[in-house]
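Hi,

Here is the structure I promised to pass on to you. Have a look at it first, and then read my notes below.

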Amino acid sequence: MKRLIYKNLVSEIQELPGAGRLVLPLVQTGTVSLEACVGVGDKVTRGQCIGKTEAPEEAFLHSPLAGEVKSITQVVTQEGASAKTVVIEGDATGEVETLEPVTQDAAEVSAETILTRLQEAGVTPLGGNGKHRAYASLEPAEESPEILMVLCADEEPLLQTQRHILREAPEKVIEGATLLQRAVGAKRLVFAVSGDQTNLVSGETVTVEKKAPSGHPEILMGRMTGQYRLTEGRPRKDVYLINAETAMAACRAVREGRPVVEKTVTVGQDGAMSVVVRVPLGTPFSQVLEHAGLKAEDGDRLFTGGPLTGIAQFDAAAPVTKGTDGLFVQKGKGVACYDDVACIGCGQCVKVCPMKIPVNMMTRNCEFGRIQEAIDYDLDCCIECGLCAYVCTSRRPLLQYIQFAKKEQQKA
Ligand code: SF4
Ligand code: SF4
């Protein structure tokens, strides 16, 4: 059985100096498209708001560079959707334009003030290819969660983004988490942290072990509450989860008035982490790879996120968004070709599944659209960790079968 172990941190976060052409979709991690508040030919400053909305669940978007708006056009995002997009050409001259800092003590500042500031400064649950939106709602809610969990470890083995952020600025992560706890009204604040970094946080902690999928949000939330969310709906009502980068961004938004204009990304190739780099939002993947000394060529696979649940990308010119945690290249010789081949009944998927699902039976039903039969084999218990597909002897696209079946289930 293959084992997936989180690797130790090996370097510092590098900075990619911003210059050139940035592509900024007005849908970053959610589904609501922002209204552009700039026009073609407008000059913009660093940190200037370029997209906003009345919808309370969506955060604004800001220009990472000083420059000029070259076009407003439709592009296909890394999730495969078409989105209205602002294209800016410029450089990182000048300071980032900030809002008025909020100086009140965390215990005194109102939840409304914090939530308004988060929206104005573009703070949304960052990373996770956008799926972190499913784990926390940074908008006024009728019901407060019991727990706010801050994931200071990484979800998948090759990723190192969150651990680097915690090591770089633990005090900002803690302050941001405290402000977020106040904003969402959670009774408890819990830091999920890898064993070698527990000294960096204080208060209640849960340790993320070395072996995947111990950093998976659903596993951690299940450990804290004794219950998995499963089909309860999103976001879960009793526990919200955000990561260290979101907490740091919240701290900077409130205390420094600084908007979100960059994203920290782990970049690597063929199962090896190469570098963790902070890049302006909208930077093309190809430029990030070049900074790391990598290139995606014909026949290679490029994907965002981690190796278990990442999303394959069809265009290296696509931009980094607030959802981009990882960017990896698999060279052609290492690319596994998945196909609808038959299951040989080896049982590896069943053995590895953290939810003890009869995966072979469940996915056979998913594959052929027999949704009720898949549910009878615990489709609803699947947390989409991707381990079964990783170990499948026949290289069946098990996670895709599962996601297809869940989409069909939602339609019914
Ligand atoms: S993705 Fe596969 S291994 Fe993970 S919980 Fe679902 S069935 Fe189990
Ligand atoms: S690992 Fe793949 S081939 Fe083996 S039982 Fe599971 S689905 Fe079938």
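Please keep in mind that this is a predicted model.

Let me begin with ligand 1. The residues around ligand 1 are C353, P354, M355, V359, M362, C382, I383, E384, C385, G386, C388 and I402. Sorted by class, this shell comprises 10 nonpolar residues, 1 polar and 1 charged.

Now for ligand 2. It is surrounded by 13 residues, and the closest are C343, C346, G347, C349 and C392. The shell of ligand 2 splits into 6 nonpolar, 6 polar and 1 charged residues. As for where ligand 2 sits, the place is the second largest cavity.

There is also a sheet that I think you will enjoy tracing. It is an open sheet of 4 strands, and they follow the order β11-β10-β9-β12 with parallel pairing. Which strands stand at the edges? They are β11 (204-208) and β12 (239-243); each has a single partner strand, so one side of each is left without a neighbour in the sheet. From one strand to the next, the twist averages 25 degrees.

The partner of β12 in this order is β9. Strand β9 covers residues 147-151 and pairs with β12 in the parallel sense over 5 bridges. If you would like a spot to zoom in on, try V150, whose bridge partner in β12 is I242.

Finally, look for helix α5, residues 244-256. Helix α5 lies across β9 and β12, and runs at about 80 degrees to β12.

Happy exploring, and do write back with any questions.

Best wishes

Notes: Residues numbered from 1 in each chain as written. Chains lettered and ligands numbered in written order. Predicted model: local features only at pLDDT ≥ 70, side-chain atom pairs only at ≥ 80, totals over all residues. Heavy atoms only, no water. Near = heavy atom within 4 Å. 1 Å grid on protein atoms, 1.4 Å probe; cavity = no way out; pocket = protein on both sides within 12 Å on 5 of 7 lines; lining within 4 Å. Sits in = over half its atoms within 2 Å of the grid points. Nonpolar A, V, L, I, M, F, W, Y, C, P; charged D, E, K, R; others polar. Pairing = 2+ DSSP bridges. Helix = DSSP H or I, 4+ residues; strand = E, 2+ residues; numbered from the N terminus. Axes fitted to C-alpha atoms, helices over the stretch in contact; angles between N-to-C directions. Contact = heavy atoms within 4.5 Å.
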